[in-house]
Amino acid sequence: MSELKVTPMKPRARPAAVAATGVVEEVVDKDRINPDELREEHRHRRNEQKGRIEATDRETLLRLLQQMVLIRRFEEKAAEAYTLGKIGGFCHLYIGQEAVAVGSLSALRPDDYALTSYRDHGHALVMGISPDEVMAELYGKAGGCSAGKGGSMHLFDADKHFLGGHGIVGGQIPLATGVAFATKYRQTDQVTLCYFGEAAVNQGAFHESLNMAQLWKLPCVYICENNQYGMGTSLTRAMSLSDVSRKAVGYDMESEFVDGMDVLAVREATLRAVERARKDYSPSLIEVRTYRFMGHSMSDPGHYRTRAEIEKYQERDPIKVFGDNLREYGVLDDAGLREIEDRVRADVERSLKFADSSPEPAPEELYTHIYANPIQNKKS
Ligand SMILES: Cc1ncc(C[n+]2csc(CCOP(=O)(O)OP(=O)(O)O)c2C)c(N)n1
Ligand SMILES: [Mg+2]
């Protein structure tokens, strides 16, 4: 399956650390991830995926694969465009984590909502914002989904029920809780998915939101994309309890731990949580253990992790695992895979052309989209 190759990485050698005192210290490897446990989990998940593949219709399986491939190829091209200087500002890639957005968002109805952090390209694409509009937004062009004024971190489309794209770590958690409150208040059965990284769990906003959501029974599914790093800091150095799913106990909330490299495992856990939320407004916390293959952002020198660690996770590339399994179980053949790749590549190429030819936002656009509901015809 040569088409689904892993994006090459360039991790650097781990340097000596300079302590606050100025003394050079030997870096202690604090990677406490147990490789045996992970291998066992992976073997288990790989075997389990077989049953899940059999239980899922072919159309869904192919759609999930195509969406993951789209995110991967889209971001590979975005990274190239960034290096060429066509994209400015911050840009956080999702490569390696595709199974999380694709699996979980497949559990939603079109009228449900999703909010996420600045690592938002994948979620936006799956929520139905076109590659053209996402790429143009990265380019800061008028044809972008946020009219070129949001950039990579602030993709947004209210019509598609994708409410951002948020740059403040954890900022979307109370917002999503508010959206869930609003849908309950209006007596709809819509569900809100709220994504955040594991570093956001250390924010007070996370705890306040979960407490309120459980107390008031708000239909929100909190999905922690635990990629094990907050910028260059391993979660084991920043969290006293790094099993995020266990934090739900403090709020008497349902929770699950899921392998984020298995798109179908993520889908199934989310389907269960969405059903709870839709049926009786019960919120849930899902910890999805995943890994980003690229740096935190485009400017990450990658000094904080080893090549061996990255390679370990690249062996579990969610696209490769799923693609290989689909071939093994006869869901698609090489020609089918090539067709998906060709279609995706054509879409991404078109998005680059669209972004290139889209105009810059007009200067008067500085004064639009500032207030959601400007007070018009106000009697004074
Ligand atoms: C309130 C706040 N503090 C700090 C930052 C700087 N910052 C940006 S990303 C980040 C790490 C977040 O890591 P995590 O939540 O695990 O998400 P990931 O980047 O791994 O997806 C930090 C500290 C910020 N944007 N907002
Ligand atoms: Mg993280």
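In what order do the five strands of the open sheet sit? Keep that question in mind as you open this predicted model and turn on the cartoon view.

**Stop 1: the whole protein**

Begin with everything shown. The protein has twelve helices and nine strands. Of its 380 residues, 44% are buried. Taking contacts between residues at least 6 apart in sequence, 76% join residues at least 24 apart.

**Stop 2: the sheet**

Now colour the strands E3, E4, E5, E9 and E8. That is also the answer to the opening question: the open sheet runs E3-E4-E5-E9-E8, with parallel pairing. At the edges you will find E3 (113–115) and E8 (254–259), each of which pairs on one side only. Look along the sheet, and you can follow a twist that averages 20° from one strand to the next. As a general reminder, strands of a sheet pair through backbone hydrogen bonds, either parallel or antiparallel.

**Stop 3: the E3 edge**

Select residues 192–197, which are strand E4; three bridges join E4 to E3, and the two run parallel. To see one partnership, pick Ala-114 and then Leu-193, its bridge partner in E4. Next add residues 172–185, helix H6. This helix packs on the sheet and touches E3, E4 and strand E5 (220–226), and its direction makes about 170° with that of E4.

Helix H9, residues 263–280, packs on the sheet as well. Show H9 and look for where it touches E5, E8 and strand E9 (284–289); the direction of H9 makes about 170° with that of E9.

**Stop 4: E9 and its partners**

Stay with E9 and display its side chains. Which residues point one way from E9, and which the other way? Ser-284, Ile-286 and Val-288 take one direction, Leu-285, Glu-287 and Arg-289 the other, and all are buried. E9 is thus a mostly covered strand, with six of its six residues buried.

Two strands pair with E9 here:

- E5 runs parallel to E9 and is joined to it by six bridges. Select Val-221 to find the residue opposite Ser-284.
- E8 also runs parallel to E9, again with six bridges. Select Glu-256, which stands opposite Ile-286, and then Asp-259, which stands opposite Arg-289.

Now trace the chain from E8 through H9 to E9: together they make a right-handed β-α-β unit.

**Stop 5: Gly-260**

Pause in the loop between E8 and H9, where Gly-260 lies. Is this glycine buried or exposed? Gly-260 counts as buried because 29 other C-beta atoms lie within 10 Å, and the cut-off for buried is 20 or more.

Try a distance next. Gly-260 and Val-288 are 28 residues apart in sequence, yet their C-alpha atoms are 5.0 Å apart in space. To see the surroundings, select the residues in contact with Gly-260, leaving aside its neighbours within four places in sequence: Gln-97, Ala-99, Val-100, Glu-225, Val-266, Val-288, Arg-289 and Thr-290.

**Stop 6: ligand 1**

Finish by selecting ligand 1 and the residues around it. How many residues surround ligand 1? There are 14, and the closest are Val-169, Gly-197, Ala-199, Ala-200 and Gly-230. Colour this shell by class and you will see six nonpolar, six polar and two charged residues.

Key:
Residues are numbered from 1 along each chain as its sequence is written. Chains are lettered from A and ligands numbered from 1 in the order in which they are written. This is a predicted model: local features need pLDDT of at least 70, side-chain atom pairs count only at pLDDT 80 or more; totals for chains, interfaces and linings use all residues. Two strands pair if DSSP finds at least two bridges between them. Helices (H or I, at least four residues) and strands (E, at least two) are DSSP runs, numbered from the N terminus. Axes are lines fitted to C-alpha atoms, for helices over the stretch in contact, and angles run from 0 to 180 degrees between N-to-C directions. Two residues are in contact if their C-beta atoms, placed from the backbone, lie within 7 Å. A crossover is right-handed if, with the strands pointing away from the viewer, the path from the first strand over the helix to the second runs clockwise. A residue is near a molecule or strand if its C-beta atom, placed from the backbone, lies within 6 Å of it. Ala, Val, Leu, Ile, Met, Phe, Trp, Tyr, Cys and Pro count as nonpolar, Asp, Glu, Lys and Arg as charged, and the others, Gly among them, as polar. A residue is buried if 20 or more other C-beta atoms lie within 10 Å of its own, exposed if 12 or fewer, and partly exposed in between; C-beta atoms are placed from the backbone.
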